[in-house]
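Got your viewer open? Load the model, switch to a cartoon view, and get ready to click on a few residues.

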Amino acid sequence: MVFKVGDLVSVKVGKTSDVGIIASRKMALLHYTSTKPELTDIYEVMIGGGTLISAHVMYLEKIENELWTKQE
């Protein structure tokens, strides 16, 4: 799943989870032959207190709620 900046997500850490907001998507050289950085499956998530953590997409779950999503 591809997340957008500002998406509200749940970050699963062991048996607990935190709620945060997607701040950015990490870029990196994925292979030594890469000529430019590419998007990865790692996102920076801002959790409580303004702490930024990096989390792989497999640990993120988008929170779908009518209060948080825009009605179009």
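Here is a short tour, from the sheet down to single side chains.

**Stop 1: the sheet.** Before you start, keep in mind that this is a predicted model. Colour the strands and trace how they sit side by side. You should find an open sheet of 5 strands in the order β4-β3-β2-β1-β5, with antiparallel pairing. Now select 51-56 and 60-62: these are β4 and β5, the edge strands, and each of them pairs on one side only. Rotate the view a little and look at how the strands cross. Ignoring direction, neighbouring strands of this sheet are turned by 45° against each other on average.

**Stop 2: β1 and β2.** Next, select residues 16-28, which is strand β2, along with β1. The two run antiparallel and are joined by 6 bridges. For one spot to zoom in on, pick V11: standing opposite it is D18 in β2.

**Stop 3: from D18 to D41.** Keep D18 selected and add D41, which you'll find in strand β3. How far apart are the C-alpha atoms of D41 and D18? They are separated by 19 Å, with the two residues 23 places apart along the chain. Now show the surface around D41: this residue is partly exposed, at a relative accessible area of 40%. Leaving out residues up to four places away in sequence, D41 touches R25, A55, H56 and V57.

**Stop 4: T40.** Step over to T40, also a residue of strand β3. Is T40 buried or exposed? It is buried, because its relative accessible area is 11% and the cut-off for buried is under 20%. Show its side chain and look for a polar atom there: the backbone nitrogen of I42 lies 3.2 Å away from it. Setting aside neighbours within four places in sequence, T40 is in contact with R25, K26, M27, A28 and L30.

**Stop 5: a pair of rings.** For the last stop, select F3 and Y43 and show their side chains. The model has 1 aromatic pair. The ring centres of F3 and Y43 are 5.4 Å apart and the planes meet at 85°, so the pair counts as edge-to-face; the cut-off for that label is over 60 degrees. Why does this pair tie together separate parts of the chain? F3 lies in the segment before β1 (8-13) while Y43 belongs to strand β3 (residues 38-47), so the linked parts are 40 residues apart in sequence. Turn the surface back on to finish: F3 and Y43 are both buried.

Definitions and conventions. Residues are numbered from 1 along each chain as its sequence is written. This is a predicted model: local features need pLDDT of at least 70, side-chain atom pairs count only at pLDDT 80 or more; totals for chains, interfaces and linings use all residues. Side-chain values use heavy atoms; hydrogens and water are left out. Rings of Phe, Tyr and Trp (its six-membered ring) pair if their centres lie within 6.5 Å; planes under 30 degrees apart count as stacked, over 60 as edge-to-face and the rest as tilted. Helices (H or I, at least four residues) and strands (E, at least two) are DSSP runs, numbered from the N terminus. Buried means under 20% relative accessible area, exposed over 50%, partly exposed in between (1.4 Å probe, protein chains only). Two strands pair if DSSP finds at least two bridges between them. Axes are lines fitted to C-alpha atoms, for helices over the stretch in contact, and angles run from 0 to 180 degrees between N-to-C directions. Contact means heavy atoms within 4.5 Å. A polar contact is a pair of N or O atoms within 3.5 Å; within protein, one must be able to donate a hydrogen and the other to accept it, and residues adjacent in sequence count only if both atoms are side-chain atoms.
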